[in-house]
Structure formats: C-alpha cells, structure tokens
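User: Hi! I am new to protein structures and would like to learn how to read one. Could you walk me through some features?

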Amino acid sequence: MKLLRVITPIVVSLLFSAVAEDKGGNADNMARCGGVPGVPGSPGRDGRDGRDGAVGAKGQHGERGFPGPPGGVGSKGSVGSNGEKGRSGDKGLGGKMGPRGPKGEMGQRGMKGDVGGKGDKGEQTQQFNWKQCVWKRDDDRDTGVIQECQFKKHHGHTAIHVAYAGNLRVHCPGSHCCSRWFFTFNGTECTGPMAIDGVVYREGSNDQPLRHRQIEGYCENIAAGQIRIGFNIGKCSGYSVGNGYSGWNSVSRIMVAEMPPAQS
C-alpha cells in the first residue's frame, strides 16, 4: 500500500509530461483518442538545503539602544598592591600638654650586666699638705731668726702659704723706731712674687704696745723637697734697729700649707 502511494504520483507526473510535449503537434491525436487531462499529482518533497552564500557587505550602525537595567553587585575583587608613599605632611601645631598620667608600676628587675672594661686613668688629685709649728716663750732679740719650721713640699708647680700668729711689739722711748718681721725659705726671702713681711712703727713713747699680730702670704717658684721656713726680725728700711719683742705671755705659731697653682 505504501509502495502504491509512492508510484502513483510518479506515473501521473510522467503522463502529464508526455501530454504537454505532444500538446502542439498531437492535439488532434488526443482528440481522436478521446482522452481527458489527468488529475494533478501531490506536491513533491522539499529539496536539499543549498550551499551557504557569500558573506554580504557590512551593514550600517544601528541607532543606540536604551540603557539596560543595572547589573547585580559583583563579587569582591582581590586586594591591590600598595601605592607609592605620599610626601610628608606639614608639621602640625603643637598641642597642649595633657594631664599627668598615673604612676606606673615598678618593672621587673633587669638581668645583671656584663663587667665593664677598665676605665682610663684619672688625674692625680692633690692631697692637702699642711703643717704648723708652735712655741711659747718671750724673745727680746732685735735681729735674727726667732723660729724655724721644717716642711716637705710635694710638687714643684704649687705655692706655699705661710702665716705667723702671735704677740709682737717695738719700744723706743724718746725717739722714733721700727722693727720688721719677715719669712725666709732656706735662708732667703720670697721672690715669687715678693717678700712676706710686716712692720711695726712707733713714735717716741714709754708705752709697751704688746698686741697680737698676724703676718701671712703666698710664695711661688719654690722647688719640691724639704724646706726650712724661718720667722725673722730685723730693721726697717731707712731706720736703725728697733727694740723688738716677740711672744710675750702667749703662744706663737707658724702655719704652712702647700696650695694649688694660682689662676692665670
């Protein structure tokens, strides 16, 4: 049955083609035969798809469409690299001092440190070097050494300070008189810078001015070593020898001290 359906249209098509070909020259034959045109057959099946045609020319840009709706929130991107360091800002104004904070707790005791190296040798310090010589006697000589005091000087660049404290007087009734008391160092008066002395002058009188007096000073340029310091009496310059008296009814003393150099 299926085969008949397929063959029947084919046969009809062939007959129709033959009739068409002989339509002009054989019309009379068909008239003679007394035939009639057949029924048109069913349409044939679609043919196969043809090959793709050549690419056409590029069309013109169409008009811009309307904006679409906003898209959804995208996923978080990765962290970017650090940017370049910015320039330093201007110095701000100084702020007010804040309130004092509470006292903190005492921290833990730290570890014992290493023993430090040996320090540089320090400058040698000078110990105070001094001495005093004391006596108690009346001495009525008018010239000469009244008392000597031995002293050991440690350094050559230092000075010596000497002082006498005791009772001294000069007496010359009916005339003018003067007595001079002075220090010597190994028998020579001081020359650095000048002599260390004191004088007592009297107009003619019968008074006995027995008073406590003090004579002192500094002597430089004396070498280190043992020094014989003498306290002496003699005449004043321009006057004859006076009637001197030393140490009446009291203690006399010579005080000696080695001192640092004077300031420049």
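Analyst: Below we go through strands, burial, aromatic pairs and salt bridges, one topic at a time.

Analyst: This is a predicted model, where local features need pLDDT of at least 70 and side-chain atom pairs count only at pLDDT 80 or more, while totals for chains, interfaces and linings use all residues. Residues are numbered from 1 along each chain as its sequence is written, and side-chain values use heavy atoms, with hydrogens and water left out.

User: Let us start with strands. Which strands does β4 pair with, and in which sense?

Analyst: Helices (H or I, at least four residues) and strands (E, at least two) are DSSP runs, numbered from the N terminus. Two strands pair if DSSP finds at least two bridges between them. Here β4 and strand β5 (residues 197–202) are antiparallel and share 6 bridges; in this pairing S179 is opposite V200 of β5. β4 also runs antiparallel to β7, with 7 bridges joining them, and there F183 sits opposite F231.

User: How many residues of β4 are buried?

Analyst: Buried means under 20% relative accessible area, exposed means over 50%, and partly exposed is in between (1.4 Å probe, protein chains only). In β4, 9 of the 9 residues are buried, so the strand is largely enclosed by the rest of the structure.

User: Which residues lie on each side of β4?

Analyst: In a regular strand, side chains alternate between the two faces of the sheet. For β4, one side has C177, S179, W181, F183 and F185, and the other has C178, R180, F182 and T184; all of these are buried, so both faces are covered.

User: Now the rings. How many aromatic pairs are there?

Analyst: Rings of Phe, Tyr and Trp (its six-membered ring) pair if their centres lie within 6.5 Å; planes under 30 degrees apart count as stacked, over 60 as edge-to-face and the rest as tilted. By that rule there are 4 aromatic pairs. In one of them, F183 and F231 have ring centres 5.3 Å apart and planes at 55°, so this pair is tilted. It links distant parts of the chain, with F183 in strand β4 (residues 177–185) and F231 in strand β7 (residues 225–235), 48 residues apart. F183 is buried at 0% relative accessibility, and F231 is buried with a relative accessible area of 0%.

User: Which residues form an aromatic cluster with F183 and F231?

Analyst: W135 and Y164 join F183 and F231 in one aromatic cluster.

User: And charged side chains: how many salt bridges are found?

Analyst: Side chains of opposite charge can pair when their charged atoms come close. A salt bridge is a side-chain nitrogen of Lys or Arg within 4 Å of a carboxyl oxygen of Asp or Glu. The whole structure has 4 salt bridges. One of them joins E148 and R228 (3.0 Å, N to O). E148 is in strand β2 (residues 144–153) and R228 in strand β7, so this pair ties together parts 80 residues apart in sequence. E148 is partly exposed at 36%, and R228 is partly exposed at 31%.

User: Are the partners in the D139 and R141 bridge buried or exposed, or in between?

Analyst: D139 and R141 meet at 2.9 Å, N to O. D139 is buried at 5% relative accessibility, whereas R141 is partly exposed at 35%.

User: Which residues are linked in a network of salt bridges?

Analyst: R180, E189 and D197 make up such a network. Within it, E189 and R180 meet at 2.8 Å, N to O. R180 is buried at 15% relative accessibility, while E189 is partly exposed at 27%.
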